[in-house]
Protein chains: 2
Amino acid sequence: MAHVQRMSTTLLKTLRDDPADAETASHKLLVRAGYVRRSSAGVWTWLPLGKKVLDNVCRVVREEMDAIGGQEVLLPALLPKEPYETSGRWEEYGDLLFRLRDRKGADYLLGPTHEEIFTLTVKDQCTSYKDLPVILYQIQTKYRDEARPRSGVLRGREFQMKDSYSFDTTDEGLAEAYRLHREAYMRIFERLGLEYRAVSAVSGAMGGSASEEFLAPAAAGEDTFVDCPRCDYAANTEAVTTVVAPADPLAHGPLEELDTPDTPTIETLAAQLGVPASATLKNLLVKVDGKITAVGVPGDREVDLGKLGEHLAPAVVELVTAEDFADRPGLVRGYVGPQGLDLPYIADPRVAPGTAWITGANKPDTHARNVVCGRDFEVGRYLDVVVVEPGDPCPRCGAGLEIGRAIEIGHIFQLGRKYADAFGLDVLGPQGKPVRVTMGSYGIGVSRAVAALAEQTHDGAGLCWPREVAPADVHVVAAGKAQQTELALELAGRLGEAGVRVLVDDRAGVSPGVKFTDAELIGVPTILVVGRGAADGVVELKDRRTGEREELPVQEAVARLAAAVR
Amino acid sequence: MAHVQRMSTTLLKTLRDDPADAETASHKLLVRAGYVRRSSAGVWTWLPLGKKVLDNVCRVVREEMDAIGGQEVLLPALLPKEPYETSGRWEEYGDLLFRLRDRKGADYLLGPTHEEIFTLTVKDQCTSYKDLPVILYQIQTKYRDEARPRSGVLRGREFQMKDSYSFDTTDEGLAEAYRLHREAYMRIFERLGLEYRAVSAVSGAMGGSASEEFLAPAAAGEDTFVDCPRCDYAANTEAVTTVVAPADPLAHGPLEELDTPDTPTIETLAAQLGVPASATLKNLLVKVDGKITAVGVPGDREVDLGKLGEHLAPAVVELVTAEDFADRPGLVRGYVGPQGLDLPYIADPRVAPGTAWITGANKPDTHARNVVCGRDFEVGRYLDVVVVEPGDPCPRCGAGLEIGRAIEIGHIFQLGRKYADAFGLDVLGPQGKPVRVTMGSYGIGVSRAVAALAEQTHDGAGLCWPREVAPADVHVVAAGKAQQTELALELAGRLGEAGVRVLVDDRAGVSPGVKFTDAELIGVPTILVVGRGAADGVVELKDRRTGEREELPVQEAVARLAAAVR
């Protein structure tokens, strides 16, 4: 029962200076406070305090996964090539996959995620519809050879992940497993003390509930998301849909050509004509599986090539080259317009029927005005392809959206039958006929969650852990000579016996100032100072987050803290 | 508090047949009972029941490591080449090491053990003698590319290990850390219910206490060890020392040559002369760092080349080739004797001063008798190099030794300053001068311990777990129709509330016979049968190990089992 850790014997060296290569708060503070240590690029050692925080996160994840009937297993990280060839991911992952050979020359990989092996496991173990549904999970080490590992444990190449997989015979079963995970994830992040948003990960095309990301808003995040300040809409920027009211095509004058020398860009054109860029129509040429296609968006917006690629997948999207123009003399670079253009035409919903535009006239140094959608040109396909910007209307309530940065801490995904098809995963149904299994895949970045918590909760003085994940409940600081240290250790012992997890700073030859600074840096939620007053039985409690201080008798301190952690 | 696992919803398929490639009991039974599943050669998935057993082993290891002041950390498995080049192990490990490159072409390895990285971690975190001693440990995934992965999880290529490392400034400190580990290991293996022997791992030359192995006697083991049936002596076969009483050189007749045609082997010689092989002296020629050396052992004994190599390390020992004989016409193959031989001569202690032998006369088809050690030839160096055989005298009490097979489950080792020297690990001493740190390294094969337990405790019907590691305390079998299943689930619920871990066989459409067979196979220590008598409130308790059965009222069963697990 003695949950007492003495700093004098703990492997823990705090640093005053930030590591040279650290950019984010979590990277700086987790290193400076002695929680993690870099082993190589994107590969980290968890030191004693860090291991405790990681374990606390794992415990919460485990409890909530068990509560939804998840069964814990442990799959290997060293995986054979064949199943990943079957699924196509051996190639698809590209350089992100760590590949290696064994002494016999057989190909292996270090698992980035385990859909293939879980599918094979269930194929092996389940033969009847009676064996399903099943939810399997593991907390395990994953590997991804990131091009730019950065931000400490926020984006590592070796990291800890909880991945789970659901197996059902019906779509309703999958929806239920997805719902169970969604709720478990919300409980997990709430218990951890993470501020989070559950956002649609892909646009409506794939079904709104098929995939959601859990994002922890943080300046250091690599993901961007939109957030509505009025309603509860939130989405991955790539999943934002645009709603535009149709205009009246009769309201515009006739198409008119304009002599616009030296205006190959929107900026030069808008300046010459004295119109806002938003009045112009920009036509980007791309190749979709080799076929040249025009993409029209308002001149003040950028095309998000990633989004375009996702919409058109599995087709490959490339930008056109100078050679492509050379082959098509009808295409005038910088002066392309959709009217009379013999190309497939994709447009942003803002290029709505009835809207009129200034755009290229398909002649050098010439543009056209009053080019009306539905009158002068037709849109072959509308797709949400522009980069979302702050102030874009909320698709739910119309208010101006805000754009924030966030860390992806979880992802839930209705995979459907993709992997079951690839591996022939059937079970015997109630009528004795084979039924193809449908799957979900669900992940939480466990080590990343530690970094996300550090990002969200730190302050200028250091880390500031929520109690559920903190490496201790109370940091007892012996602020003075040997006598205080003795009292501090005695008090720590009593707290430990009362079930309070204690870190006690009993270091000799370290000044009270250094001890206080270290306590703020380490970020245990309650700091208990055993100082001058201790001789009279008075200690000081300090709330790490609020900074509130309170003097109180030793006896009360033990009872109060024991009650607080229960 | 509901520790109830229902078999109807557990990922668990028992098999009646042994896997085709399985040779050992643990391999067969862990697969058949649904604890593990093969992913690739020597790489295993831990299924739900297996994960529970593995977790139980880890929990015991963790508790005992914490009890000796060990601090838990987590190091990566993906390690950079450089530290292993510094230590020399990048090359030394040979094919046993999984090596890989990242996307930038940098060399990495999958850690087989972590001395290098722990040394660097402590170098980073500890600067003063006040920061020591420290014991760090992790329970982590290790990788070794075994040439012949076999026996299921007994000898895997990816496996779980507890490795710890002690850091001290003095030899006494290291000895104390070693003692703490030794005692912790004994407690761990006792708690796990493993029968074990702590044996010297190397012969006296390196210091008897510098390294000990913990062996779990089991027929499937890959290690051999000697065990004295009279005293408590036990040792790795390679560490057995030979004690021989000196003989009197004057008691023998003069050296005499014998015409012995066609007797190039001990067998043909002994048969022709009608003497026991033990009366002859066998002289094996080897090259030690290229220099031809003779090794003399009694004709009835075999030279253990591994032992010889260890004694002479770092010199390289090879067998001589036909070319070596061609170069040295004085060496007559099959008729070599030590008398008048111009070579270094190493001998087994049994070739004691004063003993007389029949040996080669260094002439074709000729041997000599009455070749007396100390009169006709001299031994340059005595080494224990013969393969130990059953009945060899115990070096402590002289009784005939027994030889057993065992599984190495732990190893404790006083490394000394080898790694501290390689990495320059110093701390400032009390006098302000740098002090070189001394280290110990200590391992427990956590996943292997599960296999060792299965080997030692199984019987003809299946697995038979000690309670501390069992996946449940009680296996409740609903032996009959729906009514019994209902009663069984109710009882399981009450047991769960009382803190008993329950596995309940509530499967519909499975016969009582199959359920009983599965219960024996799965090996939970207590089986509780809810059968016909259940309607009258009577259930049957069966002890899995002893097979003892007892009928008793339901009420008593709950109380009895709750008391048993406390």
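The chat below goes through a predicted model of two chains, A and B.

Trainee: Before we get to the interface, how many helices and strands are there in chain A?

Mentor: Chain A has 14 helices and 30 strands, and its C-alpha atoms fill a box of roughly 95 × 70 × 50 Å when the box is taken along the principal axes. Bear in mind throughout that this is a predicted model.

Trainee: And what share of the residues of chain A count as buried?

Mentor: Of its 566 residues, 56% count as buried. As for contacts in chain A with a separation of 6 or more, 69% of them are between residues 24 or more positions apart.

Trainee: OK, on to the pair. How many residues of chain A are in contact with chain B?

Mentor: On chain A 59 residues are in contact with 59 residues of chain B, and the two chains bury about 4800 Å² between them, with 54% of that area on carbon and sulfur atoms. Three residues, A:Leu11, A:Arg103 and A:Gln125, supply 15% of the area that chain A buries against chain B, which is more than any other three residues supply.

Trainee: How are the two copies related?

Mentor: A turn of 180° with a shift of 0.0 Å along the axis lays chain A on chain B with an RMSD of 0.2 Å, and the two copies are therefore related as by a two-fold rotation axis. Within chain A, the C-alpha of A:Leu100 is the one nearest the axis, at 2.6 Å from it. Both copies use the same surface, since 100% of the contact residues of chain A recur in chain B.

Trainee: How many salt bridges does the rule find across the interface of chain A and chain B?

Mentor: The rule finds six salt bridges across that interface, and the count of residue pairs in polar contact between chain A and chain B is 25. The side of chain A that touches chain B is made up of 29 nonpolar, twelve polar and 18 charged residues.

Trainee: Which residue of chain A does B:Arg157 meet in a salt bridge?

Mentor: B:Arg157 meets A:Asp102, with 2.9 Å from N to O. Another salt bridge is formed by B:Asp124 and A:Arg37, whose closest N and O atoms are 2.8 Å apart. B:Asp124 lies in helix H5 of chain B and A:Arg37 in strand E2 of chain A, so this pair joins two chains.

Trainee: Are B:Asp124 and A:Arg37 buried or exposed?

Mentor: They fall into separate classes: B:Asp124 is partly exposed, with a relative accessible area of 34%, whereas A:Arg37 counts as buried at 14% relative accessibility.

Trainee: Leaving the interface aside, how many salt bridges are found over all chains?

Mentor: A search of the whole structure finds 98 salt bridges. One within chain B is between B:Asp392 and B:Arg350, with the closest N and O atoms 3.6 Å apart. Each of these residues lies in a loop, B:Asp392 between strands E21 and E22 and B:Arg350 between strands E18 and E19, so the pair ties together parts of chain B that are 42 residues apart in sequence. Both B:Asp392 and B:Arg350 are buried.

Trainee: Which residues of chain A are linked in a network of salt bridges?

Mentor: A:Arg59, A:Glu63, A:Glu64, A:Arg187, A:Arg191 and A:Glu468 are linked in such a network. Elsewhere in chain A, A:Asp505 forms a salt bridge with A:Arg507 at 2.9 Å between the closest N and O atoms, and both of these residues are buried.

Trainee: Switching topic, where is A:Tyr419 found?

Mentor: A:Tyr419 is found in helix H10 of chain A, which covers residues 418-423, and A:Tyr419 is buried, with a relative accessible area of 3%. Leaving aside neighbours within four places in sequence, A:Tyr419 is in contact with A:Ser87, A:Arg89, A:Glu115, A:Glu116, A:Thr119 and A:Met439.

Trainee: Last one: where is the place of B:Thr14?

Mentor: B:Thr14 is in the loop between strand E1 and helix H1 of chain B, and this residue is buried, with a relative accessible area of 16%. The side chains of B:Thr14 and B:Asp518 are joined by a polar contact of 2.8 Å. Beyond neighbours within four places in sequence, B:Thr14 has contacts that include B:Arg32, B:Ala33, B:Leu521 and B:Ile522.

Methods:
Residues numbered from 1 in each chain as written. Chains lettered and ligands numbered in written order. Predicted model: local features only at pLDDT ≥ 70, side-chain atom pairs only at ≥ 80, totals over all residues. Heavy atoms only, no water. Contact = heavy atoms within 4.5 Å. Buried area = accessible area lost by both parts, 1.4 Å probe. Salt bridge = Lys/Arg side-chain N within 4 Å of Asp/Glu carboxyl O. Polar contact = N/O pair within 3.5 Å; in protein donor to acceptor, adjacent residues only side chain to side chain. Nonpolar A, V, L, I, M, F, W, Y, C, P; charged D, E, K, R; others polar. Least-squares fit on C-alpha atoms with pLDDT ≥ 70 in both. Helix = DSSP H or I, 4+ residues; strand = E, 2+ residues; numbered from the N terminus. Buried < 20%, exposed > 50% of the residue type's maximum accessible area, 1.4 Å probe, protein only.
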